Amino acid sequence: MTFDNTAFFRETSQKRYDLFVSHIKSGGTCYTLADTEGCLNVTIGSERVLPVWPSEDMANEWAKAEHEGFSALDVSNESFVDIWLPGMSNDGVSVGIAPNMAGEGIVVQAAELLQDIQG
């Protein structure tokens, strides 16, 4: 599935969430940001959050604007569903779904996202 970044980010946070879930359900890869020390976790309130996007371009754009030194890391569908989400749930890390350039997006518990993907 290819995404038009401009059109995608004109959508509401809920619509971006729904599109992301559909993308993963259909076998799509997702992307997060990483540097030489590991993946980017942002803190929102008291939550540690791993931001993810459905395309490499989206992740890299966010990195350029907000997190110099980070770049997109592709996470295969199987790895995201079978390893990353259960591990994040165990570690208490939430998932930020496709935040826009203003940082707006839905933050969800990893277990809840996994349930939405498998549901």
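How much of the chain do buried residues make up? Of the 119 residues, 41% are buried, where buried means under 20% relative accessible area, exposed means over 50%, and partly exposed is in between (1.4 Å probe, protein chains only).

A word on the ground rules. This is a predicted model, so to speak of local features takes pLDDT of at least 70 and side-chain atom pairs count only at pLDDT 80 or more, while totals for chains, interfaces and linings use all residues. Residues are numbered from 1 along each chain as its sequence is written, and side-chain values use heavy atoms, with hydrogens and water left out.

## The chain as a whole

Let's start with the parts list. There are five helices and seven strands in the chain, and from the N terminus on they run α-α-β-β-β-β-α-β-α-β-β-α. Both kinds of element are DSSP runs numbered from the N terminus, with at least four residues (H or I) for a helix and at least two (E) for a strand.

Now for the overall build. The radius of gyration of the chain is 13 Å, which agrees with the value near 14 Å that a compact globule of 119 residues would have. That radius is taken over C-alpha atoms, and the globule rule is 2.2 Å times the number of residues to the power 0.38. Along the principal axes, the C-alpha atoms fill a box of roughly 30 × 30 × 25 Å.

Contacts tell you about the fold too. A contact means heavy atoms within 4.5 Å. Among contacts with a separation of 6 or more, 67% come from residues 24 or more positions apart.

On the outside, the chain exposes about 6400 Å², and carbon and sulfur atoms supply 44% of that. Such areas come from the Shrake-Rupley method with a 1.4 Å probe, and for residues only the protein chains shown count as cover. As for charge, there are 6 positive and 18 negative side chains, with the centres of the two sets 7 Å apart. Lys and Arg count as positive and Asp and Glu as negative, leaving out His and the chain ends; each charge is placed at NZ of Lys, CZ of Arg, CG of Asp or CD of Glu.

## Strand 6 and its partners

Strand 6 covers residues 93-97, and five of its five residues are buried. In a regular strand, side chains alternate between the two faces of the sheet. Here Val93, Val95 and Ile97 sit on one side and Ser94 and Gly96 on the other, and all are buried.

Strand 6 runs parallel to strand 4 (residues 47-52), joined by five bridges, and Val52 stands opposite Ile97. With strand 7 (residues 106-109), strand 6 runs antiparallel over four bridges; there, Gly96 has Val107 as its bridge partner. Two strands count as paired if DSSP finds at least two bridges between them.

In the loop between strand 6 and strand 7 you'll find Ala98. Most residues other than glycine have a negative phi. Ala98, not a glycine, has a positive phi of about 45 degrees, and with 0% relative accessibility Ala98 counts as buried.

## The sheet around strand 1

Another sheet is open, has three strands in the order 2-1-5, and pairs them antiparallel. Strand 2 and strand 5 stand at its edges with a single partner strand each, so one side of each has no neighbour in the sheet.

Strand 1 (residues 30-35) has five of its six residues buried, so the rest of the structure largely encloses it. Five bridges tie strand 1 to strand 5 (residues 71-75), and two bridges tie strand 1 to strand 2 (residues 38-39). A hairpin through two residues joins strand 1 to strand 2. Here are some bridge partners:

| Residue in strand 1 | Bridge partner |
|---|---|
| Cys30 | Val75, strand 5 |
| Thr32 | Leu73, strand 5 |
| Asp35 | Gly38, strand 2 |

## Two helix residues

Leu113 belongs to helix 5 (residues 110-118) and, at 0% relative accessibility, counts as buried. Beyond its neighbours within four places in sequence, Leu113 is in contact with Tyr17, Phe20, Val21, Phe80, Leu85, Val95, Ile97 and Val108. Leu85 is 28 residues away along the chain from Leu113, with 7.9 Å between their C-alpha atoms.

Gln14 lies in helix 2 (residues 13-25). Its relative accessible area is 41%, so Gln14 is partly exposed. Gln14 and Phe80 are 66 residues apart in sequence and 20 Å apart from C-alpha to C-alpha.
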